[in-house]
Amino acid sequence: MDDKPDPNTFSNYSAFNIRSLHLDIEVCFDSKILKISTETKFTVKQIEPKLLLDTEKLNTRTVHIKVPESSDEYVEAAFELQTETSVGQALCIDLSKVGPLKVDQELLVKIVSETTADVTALQWMEKEETSGKEKPYLYTQCQSRFCRSLFPCQDTPGVKFPYTANVTLEKGLAVVMSAIIDGEGTATGENKMCYKFSQKQPIPAYLFAIAVGNLVKHEFGHRCAVWTEPEILDKCAYEFADVESILQIAESICGPYQWTRYDFLVLPMTFPYGGMENPNMTFLSPTLLTGDRSMVSVLAHEITHSWTGNLVTTVSWEHFWLNEGWTRFIEDKIKAVMEKDETYRKFLLNKEQKHLNDSLEEFERLQKPELTALVPNLTNRDPEDAFSTVPYEKGCMLLTYVESLVGGPEAFAPYIKNYVETFKDTPIRTKAWLEHLIKYFPAKADILKAQPWDQIFTSPGKSVVSIDLDNPLTNKCKKVVQKWIEASTAEDYDRMVAEYPDLKTWSQDLKIAILGTLREHELIWPEDKFEKLTGQFELRDTNNIELRTPWIRMGLKSGIDSSIEPALELVKTCGRMKFLRPVYVSLYENESSRQRAIDTFLSMKQYMSPISADWVAIDLKLKSEQA
Ligand SMILES: [Zn+2]
């Protein structure tokens, strides 16, 4: 795995180094098409007759090329598409028209293309599907390999480029990008506006992002703002009021923030993830709007990506744990600072182990346990198939373990900043991470070298290394769990409720940990017992989806019919896969709701994000997974 090139790109990125990209984008809601012209500057690094770029279901119209050293004029270049695969195809551009190339020469390439219907990167929404029901909406999701369906590019995390963009769209709509807006926009043509954006920091293709809709913003201080539809702006302003202080805690851990502004967009319910770390414009799920600021850890996670992921980026999706494991690790450190309790990290790590176990089980079920290695082999695989909590949780566990080996949080703190500083300009792979770690801690080199690294990186299943997760908060939760498990009579249930009169006031994190553990036990709950639990945690009325999901799943598992309606309601309104998929699976596994789950999915599919829809189709056995 040492010097392996990215197996998930068709591009010959080591022959042609991208320097910069300019895009002219026209957003056409009527035809649901993005018309995109790109102008890319490359430096020739190896002489090859053809430039290969990634594309997927794209209509490429024209390609022009120029070598400024030998000519002022662009010439039209011949191009062809190589064989189509389930992860796209190479656009193969013949460079012979510009004469023999030389190493280090500049090559300019202009491509005019259009997106097609049903590409995974794009979510087009009719105005009726939005909160205000007045204007249509569009957003992109390019991670992992979907940027190639927007425009031809070197779609690998290991290649970064700065970009500028001019976006033309109809008047009355606002546009945001993973870039900083330049000015107020200018009127062009009939009822059209053009907005200019600039991303000066080099970013990989998967961080390209655009969203258009009836968007308004609320400013928090001088460098942060939330964008969203007007109907939920006040809720967002309240929920994320701590953004500046979270950003400052992150800076104290990782070093100065290097992207000027931190703005974020709260999307419609169809958004498939909790968050996506698009630079200068994080995308967030509205499921975080609980009204009690209890889910800001997702915001802390996305902020952290400003260093780990966006500044320090992996060479390929095989090393994705370096993005997500690090980010999870620092997210918990931020949360511990906010809670003023260092042991909170162990509690959070323990709590998330359930999601890791769920993922491990799912890969077993799909008969793909090899994808649960920390560094999986993704040759001839779709990186999307490997996406799960594994790189997050196994990665976070490994870093926590390493922290304990080198002397604990104090010894580890300066290393985090050094790691970011060292790798911010070079794509990183696991081997380089390990070499740097050992070099940074010379006094610990022996103990570090003695670890079973091969096994740590390549073994499927549970983490090879772990730390003792014993901590007071987990123990407090365990007691409640144990008592609920043992309770078997109506008197026991009443006693449970009487014994914890203040449980309603416990933090949401604690309640989520308790419910998650109870769910994991897969008990069959008698209806009266389930009702008592529901009352004790006020689950029927909670809008915290982290609580609703395990509660609904426990009910469905136990054959409790009153759980079916809330389950159907959840899958109809929530596109975030962390909740949507397990609830669909539970609906499917419960015989009396199976057909309704399928019917609901089929009627909702057209409104769902293509990413979620694809996965749910597999979960409901309506589609077999791609090999
Ligand atoms: Zn992340």
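Start by selecting strand E12, residues 174–177. Both of its faces are covered: Ala174 and Val176 on one side, and Val175 and Met177 on the other, are all buried. Buried here means under 20% relative accessible area, exposed means over 50%, and partly exposed lies in between, with a 1.4 Å probe and protein chains only. Strands (E, at least two residues) and helices (H or I, at least four) are DSSP runs, numbered from the N terminus. In a regular strand the side chains alternate between the two faces of the sheet.

Before moving on, a word on what you are looking at. This is a predicted model, in which local features need pLDDT of at least 70 and side-chain atom pairs count only at pLDDT 80 or more, while totals for chains, interfaces and linings use all residues. Residues are numbered from 1 along each chain as its sequence is written, and side-chain values use heavy atoms, with hydrogens and water left out.

**From E12 to its neighbours**

Add strand E15, residues 210–213, to your selection. E12 and E15 pair in the antiparallel sense over 4 bridges; two strands pair if DSSP finds at least two bridges between them. Which residue in E15 is the bridge partner of valine 175? That is valine 212.

Now bring in E10, which 2 bridges join to E15, again antiparallel. Look for tyrosine 139, which stands opposite alanine 211 in E15. Both faces of E10 are covered too, with Tyr137 and Tyr139 buried on one side and Leu138 and Thr140 buried on the other. Strand E9, residues 122–125, pairs with E10 in the antiparallel sense over 4 bridges. There, leucine 122 has threonine 140 of E10 as its bridge partner.

Follow the chain out of E10 into the loop between strand E10 (137–140) and strand E11 (160–170), where you will find serine 144. Zoom in on the backbone here: a cis peptide bond joins glutamine 143 and serine 144, with omega at about 5 degrees.

**The sheet of eight strands**

Next, colour the open sheet of 8 strands in the order E5-E4-E8-E2-E1-E11-E14-E13, whose pairing is mixed. Strand E5 (75–76) and strand E13 (180–187) stand at the edges with a single partner strand each, so one side of each is left without a neighbour in the sheet. At the E5 edge, strand E4 (residues 58–66) pairs with E5 in the antiparallel sense over 2 bridges. Select histidine 64 and you can find its bridge partner in E5, glutamate 76.

Stay a moment for the loop between strand E1 (16–28) and strand E2 (33–44), the place of lysine 32. Phi of lysine 32 is near 55 degrees, a positive value in a residue other than glycine. Is lysine 32 buried or partly exposed? At 32% relative accessibility, it counts as partly exposed.

**The sheet of five strands**

Jump along to another open sheet, this one with 5 strands in the order E16-E17-E18-E20-E19 and mixed pairing. Strand E16 (216–220) and strand E19 (275–276) are at the edges, each with a single partner strand, so one side of each is left without a neighbour in the sheet. E16 is joined by 5 bridges to strand E17 (residues 224–228), and the two run antiparallel. Here glutamate 219 stands opposite alanine 225 in E17.

At the other edge, pick asparagine 280, in the loop between E19 and strand E20 (282–284). Its phi is near 65 degrees, a positive value in a residue other than glycine. Asparagine 280 is buried, with a relative accessible area of 5%.

**A buried cysteine**

Now select cysteine 92 in strand E7, residues 89–94. With 4% relative accessibility, cysteine 92 counts as buried. What does cysteine 92 touch, not counting residues up to four places away in sequence? Show Lys50, Leu51, Leu52, Ala78, Phe79, Glu80 and Gln82; contact means heavy atoms within 4.5 Å. For a long view, draw a line from cysteine 92 to leucine 247: they are 155 residues apart in sequence and 43 Å apart in space, C-alpha to C-alpha.

**Zooming out**

Finally, show the whole protein, with its 20 helices and 20 strands. Its C-alpha atoms fill a box of roughly 90 × 65 × 50 Å, taken along the principal axes. Buried residues make up 61% of the 627 residues. Among contacts with a separation of 6 or more, 71% are between residues 24 or more positions apart.
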